[in-house]
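Let us walk through this model from its bound ligand outwards to the contacts between chains, and then into the fold of one chain.

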Amino acid sequence: MSRIITLRDSLREAMSEEMRRDENVFLMGEEVAQYNGAYKVSKGMLDEFGEKRVIDTPIAELGFAGIGVGAAMNGLRPIVEFMTWNFAVLAFDQIVNNAAKTLTQSGGQFTCPIVFRGPSGSAGQLAQQHSQTFESWMANTPGLKVISIVDPYDAKGLLKSAIRDEDPVCFMESEMLYGLKGEVPEEEYLVPIGKAAIRKEGSDVTIVSFNKMMEVCKIAVDELAKEGISAELIDLRTIRPLDYDTLINSLKKTNRMVVVDESWPFAGVSAEIAYAMQKHAFDYLDAPIVRLNAADTSLSYSSVYVEEYLPNPTKVIKAVKEVMYINA
Amino acid sequence: MAETLTKNSTDKAKSNSSLYNKDTYLKWFEVMYRVRRFEEQALYAYSQQKIRGFCHVYIGQEAIAGGIATALRPEDKLVTAYRQHGVALARGLDSKSCMAELYGKATGVVKGKGGSMHFFSKEHNYFGGNGIVGAQIPIGAGIGLAEKYRGTDNLSMTMFGDGAARQGALYESFNMAMTWKLPVLFVVENNGYAMGTSVERTSNVHDLYKIGAAFDMPSEAIDGMRPESVHEGIERAAAHIRAGKGPYFLEIKTYRYKGHSVSDPGKYRSKDELQEYKDKDPIIITERNIIDNNIASLEEIDTIKNNIETEISAAMEFAENSPLPMASDLYNDNYVQKDYPFIMD
Ligand SMILES: Cc1ncc(C[n+]2csc(CCOP(=O)(O)OP(=O)(O)O)c2C)c(N)n1
Ligand SMILES: [Mg+2]
């Protein structure tokens, strides 16, 4: 049996199920308990699990991320919620210098099974400091795994896998899409880390994306279909480790690729994919890979800037036509 | 060693109203009334979807704006957080360009680039509203370092919320500012809550001014519902700082009448608690004080009110009729270098 639930609810189900299953799992972050979460992801969890396991923190990201790392090194399995990943910047020392390096610098003695989660990406007119994407930042660091997902089914299955994973996982959601609905089974299931999903099969071009940009790509794919262009749409789901095989296999079929990534262009996820494809699938490419990113700037407040900054369906369609050598 | 003054002066005898001249009283009233009306109209425009994104208003905290307007010198520097419209207006930023900023217009104080959380004005020595909780605390100390470096007697007023007082950045900054005797006036606007979290739930230390004691920093708590006490607190602190004795910490006890931002219904606090503060409303009390003590006439008060109504209506109209920025302006102001080669693929 399955039902239609929101991304927000699917994330809560994942955390609650894992907390019922393993008493070492606990949640902490700003406003997660009494306020039921800034975006209501943890609604009701304080009532079920109590103050010991659903912990409101002060606004002290560096401190509570580090407390999470220490607890993880000492046998617990913390879920640390950042109100958004923009504020996790304060905690990068603990994520990058400690969580990511605990295993290697202890010569394999200490693990750090922790999940850092929260929304990543722009969310309307929130201006420079509140509009950043962090997938490529975190994925640049060996020792971390990075998941970025908005589909409710996958979000639930992946978050459960992340909580059970022995390595530190950065889990990225979307402030704008917590209300996104999808079919989710009643029964328990896991979705494996490190596997991309083909959302729609196609033969003319491969479009690769993740997180909120998947919704943009879906609209573009439908529009392209009306023009007789068959696009294959791949949701990366996990950014690190990246599922190169699924991308290469798709490219072998379509011979053309567009990567749509809300991160900034320089040294981002799109750059890594384009490099890997030219290296491993050079002979299958009929056109240079085109990427579509946020503008190479900070995101300013006015609606005009948001429009200019972000990829949208029109820009995706244009990019597809570019790799297909179709004159618009 | 610095003299350490650590006290809670909120319940000190109320200052005598005749201590201040008419101009000061009218200035307080004008600034506070401007802030209140600006914020009410901003909320209205938000409900009309003319203003988007986060919008945190200053309603309830206006007495702090009043005190800033009369106690700081124009050359003093100021930096604060995202709940900043009232502070910016107190520093003299004009309501037109602030309202236009909220509307995301090219005529806004930062060209529609910052919105509600990020006004800046070099002309007014206003170093901005910061959206990252606590980030402006070390920045304020750095602004102070520059003043000391240049040998001025200006101070850096560094404002933050009670929630921000729990960030590590505060402790590092207090320590360095105190060790290096930087001319910084640290001000925590304690409105009781950080989003839905009360001060009591974030630490065992509920009297925030006591944090200063760990650094031997002169610290005191003052009543933030009266412009008189805010003014006096800033003056005391400023005298200490300008004498070259280093930083000073004021805990200003205040309250926000509205939710954290437009989207917060504020269910975590009681109606009675809110009413307790509304009964002390700084604008109503100051107006009553002015009239009851014959400081100015009812007509004079009405003239100020009418002028502000006209000013705020004009600001709305200006914002409404101003042009949007150009899309290509997104690339402006990212680098000082004019021909910076952006990635454009
Ligand atoms: C580093 C960081 N963490 C979290 C947030 C989200 N946030 C914005 S305002 C706020 C509450 C701050 O409260 P306080 O400092 O008391 O200021 P007030 O809103 O009461 O003026 C939080 C948690 C943020 N902007 N920055
Ligand atoms: Mg507060």
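A residue is taken to be near a molecule if its C-beta atom, placed from the backbone, lies within 6 Å of that molecule. With that cut-off in mind, and remembering that this is a predicted model, one can ask where ligand 1 lies with respect to the chains. Ligand 1 is found between chains A and B. Its shell is made up of 20 residues, and the closest of these are Phe87(A) from one chain together with Val133(B), Gly161(B), Gly163(B) and Ala194(B) from the other. Sorted by character, the shell around ligand 1 comprises ten nonpolar, six polar and four charged residues.

The two chains also touch one another, and the contact draws 32 residues from chain A and 36 residues from chain B. On the side of chain A that touches chain B, the elements that give two or more residues are helix 3 (61-73) and helix 12 (303-309) of chain A. Helix 12 of chain A gives the most to that side, with six residues. The residues that chain A places on this side divide into 15 nonpolar, eleven polar and six charged.

Turning to chain A by itself, the reader will find 13 helices and 14 strands. The radius of gyration of chain A is 20 Å, close to the 20 Å that the globule rule gives for 328 residues, so chain A is as compact as a globular protein of that length. Measured out along the principal axes, the C-alpha atoms of chain A fill a box of roughly 60 × 45 × 40 Å. Of the 328 residues in chain A, 58% count as buried, and among the contacts in chain A with a separation of 6 or more, 80% are accounted for by residues 24 or more positions apart.

The domain assignment splits chain A into domain 1 (2-185) and domain 2 (197-323), and the C-alpha centres of these two domains lie 26 Å apart. The contact between them takes 26 residues from domain 1 of chain A and 24 residues from domain 2 of chain A. On the domain 1 side, the elements that give two or more residues are helix 7 (135-139), strand 6 (145-148) and helix 8 (152-164) of chain A. Strand 6 of chain A gives the most to this side, with four residues, and the residues of the side as a whole divide into eleven nonpolar, eleven polar and four charged.

One strand of chain A deserves a closer look. Why can strand 4 (residues 77-81) of chain A be described as largely enclosed by the rest of the structure? Five of the five residues of strand 4 of chain A are buried, so the strand is largely enclosed by the rest of the structure. In a regular strand the side chains alternate between the two faces of the sheet. Both faces of strand 4 of chain A are covered, with Arg77(A), Ile79(A) and Glu81(A) buried on one side and Pro78(A) and Val80(A) buried on the other.

Strand 4 of chain A has pairing partners that can be followed in turn. Strand 2 (residues 25-29) of chain A pairs with strand 4 of chain A in the parallel sense over five bridges, and within this pairing Gly29(A) has Glu81(A) as its bridge partner. Strand 5 (residues 115-119) of chain A also runs parallel to strand 4 of chain A and is joined to it by three bridges, with Ile79(A) standing opposite Val115(A).

How values were computed:
Residues numbered from 1 in each chain as written. Chains lettered and ligands numbered in written order. Predicted model: local features only at pLDDT ≥ 70, side-chain atom pairs only at ≥ 80, totals over all residues. Nonpolar A, V, L, I, M, F, W, Y, C, P; charged D, E, K, R; others polar. Contact = placed C-beta atoms within 7 Å. Buried ≥ 20, exposed ≤ 12 C-beta atoms within 10 Å, placed from the backbone. Pairing = 2+ DSSP bridges. Domains from an automatic or database assignment. Rg over C-alpha atoms; globule rule 2.2 N^0.38 Å.
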